[in-house]
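Student: Could you take me through one part of this model slowly, with the geometry first and the surroundings after it?

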Amino acid sequence: RDAVPVFEGVLKLAPNDALATAQLAFLRARKPVAESTELTAVRELANRSFEKGYLRDAVRYLQQLHEAN
């Protein structure tokens with residue numbers, strides 16, 4: 001996800017860069033299944049942190065979830 005803007009910037013500078021074009025296409029075509037599994041783990045960490053009173057950690061995890069959606 002973080003790499004998409006970088007590759008977009010590369011393509012603005014060098015629109016004919018075949019490697020950057022391929023990398024960007026790959027990143028955009030990634031299946032969200034792996035992300036949903038990852039997000040489930042992050043949500044679980046947020047809930048555990050909240051239950052144990054680690055509010056700063058819980059907020060950090062919830063922000064990750066918010067940014068992912």
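Tutor: Let us look closely at helix α2, bearing in mind that the model is predicted. Helix α2 covers residues 18–29, and its twelve residues, at 1.5 Å a residue, should span 16 Å, which agrees with the 16 Å that separates its end C-alpha atoms. Within α2, the residues A20, L24 and L27 are buried, and, when one looks down the axis of α2, its buried residues fall within an arc of 65°, so they line one face of the helix. The general reason is that an α-helix has 3.6 residues a turn, so residues three or four places apart point the same way. The other side of α2 carries A18, L19, F26 and A29, which are exposed. As for what covers the buried residues of α2, helix α1 (3–13) is included in that cover. At the start of α2, a side-chain oxygen of D17 comes to within 3.1 Å of the backbone nitrogen of L19, and L19 is also among the exposed residues on the other side of this helix.

Helix α4 can be read in the same manner. It comprises residues 55–68, 14 in number, and from its first C-alpha to its last it reaches 20 Å, close to the 20 Å expected at 1.5 Å a residue. In α4, the buried residues include A58, Y61 and L65, and, seen down the axis of α4, its buried residues lie within an arc of 70°, so they line one face of that helix. Turned away from the buried side of α4 is a face with the exposed residues R56, H66 and E67.

Notes. Residues are numbered from 1 along each chain as its sequence is written. This is a predicted model: local features need pLDDT of at least 70, side-chain atom pairs count only at pLDDT 80 or more; totals for chains, interfaces and linings use all residues. Side-chain values use heavy atoms; hydrogens and water are left out. Helices (H or I, at least four residues) and strands (E, at least two) are DSSP runs, numbered from the N terminus. The expected span of a helix is 1.5 Å times one less than its number of residues. Buried means under 20% relative accessible area, exposed over 50%, partly exposed in between (1.4 Å probe, protein chains only). The arc is that of the directions from the helix axis to the C-beta atoms. Contact means heavy atoms within 4.5 Å. A polar contact is a pair of N or O atoms within 3.5 Å; within protein, one must be able to donate a hydrogen and the other to accept it, and residues adjacent in sequence count only if both atoms are side-chain atoms.
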